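Here are a few notes to read alongside the model. Take them one at a time, with the structure open.

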Amino acid sequence: KISTKGRYALRLMLDVALHSHGAAVPLRDVAQRQEISDKYLEQIVLALPGRLVRSVRGAGGGYLLTREPEEYTVGEILRVLEGNL
């Protein structure tokens with residue numbers, strides 16, 4: 001069974017992959033598109049290690065994937081938040 005936090009993390013990663021186009025994706029935009037509280041997404045993104053996402057500060061800031069989207073697996077993302085499934 002996957003927790004809400006795990007499902008939302010997957011949605012976050014997918015949204016960033018689909019909408020980054022080489023630029024950082026603001027968490028506020030992800031929250032609006034996914035209809036998830038931005039405060040809850042902040043907690044989730046802080047739990048994701050730097051090998052999955054990185055933050056960009058300042059104007060035009062937000063989050064970027066650290067690798068190409070096809071290099072990620074659902075299991076890898078879930079294990080970070082859910083532990084060993």
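1. A word on the rule before the count: two rings from Phe, Tyr or Trp (its six-membered ring) pair if their centres lie within 6.5 Å, and planes over 60 degrees apart make the pair edge-to-face. This is a predicted model, by the way. Going by that rule, you get one aromatic pair. The partners are Y8 and Y40, set edge-to-face with 5.6 Å centre to centre and 80° between the planes. They sit 32 residues apart and link distant parts of the chain: Y8 belongs to helix α1 (residues 4-19) and Y40 to helix α3 (residues 38-47).

2. Is Y40 buried, exposed or partly exposed? Buried would need under 20% relative accessible area and exposed over 50%; Y40 has 25%, so it counts as partly exposed.

3. Another ring to look at is that of Y72: the charged end of R67 sits over it, 4.3 Å from the ring centre.

4. Now try the loop between α1 and α2 (27-34), where you'll find S20. Its relative accessible area is 18%, so S20 is buried. Leaving aside residues up to four places away in sequence, S20 touches V25 and L64.

5. Which residues of helix α4 (residues 74-82) are buried? They are E76, I77 and L78. As for what they pack against, the buried residues of α4 meet α1, the helix that also holds Y8.

6. Last, have a look just after α4: G83 takes a positive phi there, of about 85°.

Note on methods: Residues are numbered from 1 along each chain as its sequence is written. This is a predicted model: local features need pLDDT of at least 70, side-chain atom pairs count only at pLDDT 80 or more; totals for chains, interfaces and linings use all residues. Side-chain values use heavy atoms; hydrogens and water are left out. Rings of Phe, Tyr and Trp (its six-membered ring) pair if their centres lie within 6.5 Å; planes under 30 degrees apart count as stacked, over 60 as edge-to-face and the rest as tilted. Helices (H or I, at least four residues) and strands (E, at least two) are DSSP runs, numbered from the N terminus. Buried means under 20% relative accessible area, exposed over 50%, partly exposed in between (1.4 Å probe, protein chains only). A charge sits over a ring if NZ of Lys or CZ of Arg is within 6 Å of the ring centre and within 35 degrees of the ring normal. Contact means heavy atoms within 4.5 Å.
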